[in-house]
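Here are a few exercises to work through with the structure open beside you. Try each task before you read its solution.

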Amino acid sequence: MNSSENLLPKQDIHRRIIHLDMDAFYASVEMRDNPNLKTKALVVAHDPRKYNGHGVITTANYIARRYGVGSAMPAIEAVRKIPPDKLVFVEPNFKKYRAVSQQVHEIMHEVTDIVEPISLDEAYLDVTKNKLGSYTALELGNYMQAEIYKRTGLTSSFGATYNKFLAKMASEYAKPFGKTIILPEEAIDFLARQDIKKFPGVGKKTQNSLRELGINTGKDLQNKSVEFLIKKFKKWGYSLAMHSRGIDLSPVEGDRTRKSIGKERTFEPSIFDQQQALTNLRKYSSEVSDILIEKNLSAKCIVLKIRDSDFHTITRRRMLKKATSNEKIIFQEVRDLFLTLPEFLNKGIRLLGVSTTNLEQTHYAEVDLFDTL
Ligand SMILES: [Mg+2]
């Protein structure tokens, strides 16, 4: 191993993360409600023959997929590829899909409240601690798969392992009605055998530039030094380096995960002095910075909240080019925002608050990595 491996953060392998994904969701709902469709090549989309050739495929069932038809393709492709006596278009009915999705979410919340929905039909769950008191993610995945089938008549697949991206690759590994468990000691080998197109964020274009360099599999990525990948592909190379080595620190953003971190205080009597207001804002900026650093987070958006004696409240926000946890930068932004609102000092300030949103995980190695290499 090359010394540039040190540029990567250390992975915690003790979390238990599940990625749960409904199989061909919209198409499966339609086949459940109209069994005649089960023997057809079903495409859920506007029929392009009635819409001037327009329409995009939301989901295709597995029969249609055998003809090379899939999600996000123009619907007209289905007309070209599938024999007319086999092909059926069904208009998407999102109201119905949302109702089923709701049922699925109820089942997931029987296991944990740390559920991060990705779309109507897939979600990440952190089951390290869970409501059923189970020690194995396999048991929990089985529970959800069985309950979903019992209550909705639909099949799903899941992957379970120690981080998010790997859990997603695992759930896709054995669809439909699949289950894939990847133990920490198996991750490197599993990833080595994957084609690069299976890695998150690797689209057609990026695939081509990788293949030109002779990088076709996870193994090829593992054999390239971290330094090489960063030099070639910057930030994206860094994430490829992490993924090929099985590293992903991102938390499952449950409904209760904090989406913002802030400090505020009300004043009685109100503040009329600019210096006093700024002193308080500096203090809150510093406290917010401390919390961000402690939680290993950086914020891309800084928010000032201010209320006058008439209980008129406003918030002003500023987006940063680069996420930060630095108290000086946070205060600087808050101060600039504050100075654009002189009218509040005339009326007296009753509340001041500093908060940060658009939070992201801070990567240790990221600090100046992309400039120095
Ligand atoms: Mg799905």
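## Exercise 1: The cavity and its lining

The largest cavity in this predicted model has a lining made of Leu-20, Met-22, Val-104, His-105, Met-108, Leu-120, Asp-121, Glu-122 and Ala-123.

**Task.** Find which elements supply at least two residues each to this lining, and sort the lining residues into nonpolar, polar and charged.

**Solution.**
- Step 1. Start with the count: the structure holds one cavity of 30 Å³ or more, and about 40 Å³ of space lies in the largest cavity.
- Step 2. Place the lining on the elements. At least two residues come from each of β1, α4 and β6, and α4 gives the most, with three residues.
- Step 3. Sort by type. The lining holds six nonpolar residues, one polar residue and two charged ones.

## Exercise 2: Two histidines

**Task.** Decide for His-54 and for His-105 whether the residue is buried or exposed.

**Solution.**
- Step 1. Locate them. His-105 is found in helix α4, while His-54 lies in the loop between β2 and β3 (59–60).
- Step 2. Apply the cut-offs: buried means under 20% relative accessible area, and exposed means over 50%.
- Step 3. His-105 has a relative accessible area of 16%, so His-105 is buried. For His-54 the value is 57%, so His-54 is exposed.
- Step 4. Look at the contacts, leaving aside neighbours within four places in sequence. His-105 touches Val-115 and Pro-117; His-54 touches His-46 and Pro-48.
- Step 5. One more distance for His-54: its C-alpha atom is 7.1 Å from that of Ala-75, although the two residues are 21 apart along the chain.

## Exercise 3: The largest nonpolar core

**Task.** Work out which elements build the largest nonpolar core, and why this core lies between two domains.

**Solution.**
- Step 1. Pick out the best-connected members. The core has 30 residues, and those touching the most other members are Ile-18, Leu-20, Phe-25, Met-108, Leu-125, Val-127 and Met-144.
- Step 2. List the elements that give two or more residues: β1 (17–22), α1 (25–33), β2 (41–44), α4 (94–111), β6 (122–126), α5 (137–152) and β7 (156–161). The most come from α4, with six residues.
- Step 3. Match the core to the domains. Residues come from both domain 2 (17–24 + 95–185) and domain 3 (26–93), so the core lies between them.
- Step 4. Zoom in on Met-144. Beyond its neighbours within four places in sequence, Met-144 is in contact with Ile-18, Leu-20, Ile-107, Met-108, Val-111 and Leu-125.
- Step 5. Note that another core, of 29 residues, lies apart from the largest one; Phe-267, Leu-281, Val-288 and Phe-338 are among its members.
- Step 6. As background, nonpolar side chains in soluble globular proteins tend to be buried together.

## Exercise 4: The whole chain

**Task.** Describe how the protein chain is divided into domains, and say how many helices and strands there are.

**Solution.**
- Step 1. Count the elements: the chain has 14 helices and 12 strands.
- Step 2. Divide the chain: domain 1 is 3–9 + 188–244, domain 2 is 17–24 + 95–185, domain 3 is 26–93 and domain 4 is 260–361. Between the C-alpha centres of domain 2 and domain 4 there are 39 Å.
- Step 3. Add the overall dimensions. The C-alpha trace spans about 80 × 55 × 50 Å along its principal axes.
- Step 4. Finish with burial and contacts. Of the 373 residues, 48% are buried. Among contacts between residues at least 6 apart in sequence, 66% join residues at least 24 apart.

Methods
Residues numbered from 1 in each chain as written. Predicted model: local features only at pLDDT ≥ 70, side-chain atom pairs only at ≥ 80, totals over all residues. Heavy atoms only, no water. Core = buried A, V, L, I, M, F, W, Y, C linked by side-chain atoms within 4.5 Å. Buried < 20%, exposed > 50% of the residue type's maximum accessible area, 1.4 Å probe, protein only. Helix = DSSP H or I, 4+ residues; strand = E, 2+ residues; numbered from the N terminus. Domains from an automatic or database assignment. Contact = heavy atoms within 4.5 Å. 1 Å grid on protein atoms, 1.4 Å probe; cavity = no way out; pocket = protein on both sides within 12 Å on 5 of 7 lines; lining within 4 Å. Points joined across faces, edges and corners; volume = space filled by probe spheres on them. Nonpolar A, V, L, I, M, F, W, Y, C, P; charged D, E, K, R; others polar.
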